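Visitor: I'd like to go through this one label by label. For each label, tell me what earns it.

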Amino acid sequence: MSTSSLAKRYWCTGETPNMVRRQRGGVEPDSLVPSACLPGQRRFEASLLAAANRAMAGMRRRGHALRPTSLVSRVRPDAKVLGLRVHDAALDQLLTEALPVVAGDRVRGVPGLRVHPRRNHLDLRSPDGQVRLLGVTRERWRQAVAAGLPVDLALTDELDPREAAPAPDLPADLMSGVLRRLPLWRGAAWLDGIVVGDVLELYWRGGPPSDSVAAILAGSACGIPASSAVPYRFRNAVHGVALSTADPDTPAKPAEPAGPADPAGSAGPVEPEWAWVEWTAATAPGPATAERAVQPVVRPRPDLPDLWEQHEMRAALASRDISTVYRLLTHHGVPRARIATLTGHPDQAVARIIAGAKVESYETLTDIATGLGIPPGYMGLAHDEQPDPDHPCSCANLDERTKRDRFLAHAALVTVGTTTTWGCQSPTCRSARLI
């Protein structure tokens, strides 16, 4: 492997050249980054990428101190087992989204995933495959469990019958390839992925341009084999790429380089060196573990399941129905003691709320939103608004004709079923009454 190839492999995976040299075998001729050999392993890695996307979305929404794209700083795609170096500050978020949890008649997270702590790493295994979280010690795992991770299924030996439900149809080859190249986006402010049929759409803000990422993923030696990519461009520095499986009957069309052609003279497609130039100009190579998020965090946020966008949860938050909010959290595996700890309320108070007690105090609602990491706007607490100043009463200044016209308009509305009142609209006017 040439020095140039070592650098590109390092940029794609976050490894160092020495790490790549120590690995033996497993590198495919058409890609510097080896792909998973078995279909089951690719499905497992696709499920983990979906969990990582949910974790990054939660970090972004809560204004986490760590840039979401620094969640995975290094990938070790050797022939034996895929290794991921997960940032310590984001480990709990990733495990919360990946560990299986029974939610009603289904399992949230990655069904069948089981945790096997080791001395210096954490093995995640399923009937389909295995991934190793590098650098996660037994002590760090115990700290994560103490913080309230849902481990009821993750530490059992047998599969729950609900874990045998058919898995969603995902473009496993593409998603596995993206997971193994996730450090490519470490310079972006955030990254999100959407599956539309057999197409994987990736969106990110800042960082490398979409043209260069598309050329790297589909037209370089470090790209995903048998894939095609279409770049998107949006406003506000938002980029996008649509990844799909290339038609084997259609010859690949290499991207046109912006500079001189590759002097290697190989018979294969021209390496898009211009894409690497643009990528390095927008992304500083390296793990970038010290990057900050766009929004500074005032207080550390809890590591809870990302439920705030669900329809039932949003309806409960909008009506400030804290009893339903707590019941939904417990339904998704959050212990009652964990809710009490995060909100700072006694366990007995949490039990009363779950039983149906109303919460009307503004201070209590604010403590709950802050402690659980709920976006304040979802509960109508985004602004501490002051009451409007008193408006002078203008009812006395209305003439009889204006009053009669308002009365007739109100009567017409009443006949069609409208029950709105009429008269002076100022809340401080003493004559604000039905006339």
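Guide: Let's begin with a cut-off: a disulfide is a pair of cysteine sulfur atoms within 2.5 Å. Keep in mind that this is a predicted model.

Visitor: What makes C12 and C222 a disulfide?

Guide: Their sulfur atoms are 2.1 Å apart. The cut-off is 2.5 Å, so the pair qualifies. A search of the whole structure turns up one disulfide.

Visitor: Where in the chain do C12 and C222 sit?

Guide: They tie together distant parts of the chain, 210 residues apart. C12 belongs to helix α1 (residues 3-13), while C222 is in the loop between α7 (210-219) and β10.

Visitor: How do you know whether C12, C222 and C37 are buried or exposed?

Guide: Buried means under 20% relative accessible area, and exposed means over 50%. C12 has 0%, so it counts as buried. C222 has 1%, so C222 is buried as well. C37, with 68%, is over the upper limit and therefore exposed. For the whole protein, 43% of the 435 residues count as buried.

Visitor: That loop between α7 and β10, what else is in it?

Guide: A226 lies there. A226 has a positive phi of about 55° although it is not a glycine.

Visitor: Why point out a positive phi?

Guide: Because most residues other than glycine have a negative phi. R320 also has a positive phi, about 55°, and is not a glycine. R320 is found in the loop between α9 (311-318) and α10.

Visitor: Why is R320 called partly exposed, and what is A226 called?

Guide: R320 has a relative accessible area of 33%, which falls between 20% and 50%, so partly exposed is the term. A226 has 56%, over 50%, so A226 is exposed.

Visitor: On to helices. Why are α10 and α12 called roughly perpendicular?

Guide: The axes of α10 (residues 322-331) and α12 (residues 347-354) cross at roughly 105° and come within 8 Å. Angles from 65 to 115 degrees count as roughly perpendicular, so that is the label here. On the α10 side the contact is made by I322, S323, Y326, R327 and T330. On the α12 side it is made by V350, I353 and I354.

Visitor: What makes β8 and β10 edge strands?

Guide: They belong to an open sheet of four strands in the order β8-β9-β11-β10, with antiparallel pairing. β8 (190-196) and β10 (227-233) each have a single partner strand, so one side of each is left without a neighbour in the sheet. Neighbouring strands of this sheet are turned by 20° against each other on average, direction ignored.

Visitor: How do you know that β8 and β9 pair?

Guide: Pairing takes at least two bridges, and β8 has seven with β9 (residues 199-205), so they pair, in the antiparallel sense. One example is G193, whose bridge partner in β9 is L202.

Visitor: What about the five-strand sheet, which strands stand at its edges?

Guide: Its order is β1-β2-β7-β6-β5, open and with mixed pairing. β1 (72-77) and β5 (114-117) stand at the edges, because each has a single partner strand. In this sheet the average turn between neighbouring strands is 25°, direction ignored.

Visitor: And what makes β1 and β2 a pair?

Guide: Five bridges join β1 to β2 (residues 82-86), and at least two are needed, so they count as paired. The two run antiparallel, and R74 stands opposite R85 in β2.

Definitions and conventions. Residues are numbered from 1 along each chain as its sequence is written. This is a predicted model: local features need pLDDT of at least 70, side-chain atom pairs count only at pLDDT 80 or more; totals for chains, interfaces and linings use all residues. Side-chain values use heavy atoms; hydrogens and water are left out. Axes are lines fitted to C-alpha atoms, for helices over the stretch in contact, and angles run from 0 to 180 degrees between N-to-C directions. Buried means under 20% relative accessible area, exposed over 50%, partly exposed in between (1.4 Å probe, protein chains only). Angles under 35 degrees count as roughly parallel, over 145 as roughly antiparallel, 65 to 115 as roughly perpendicular and the rest as oblique. Contact means heavy atoms within 4.5 Å.
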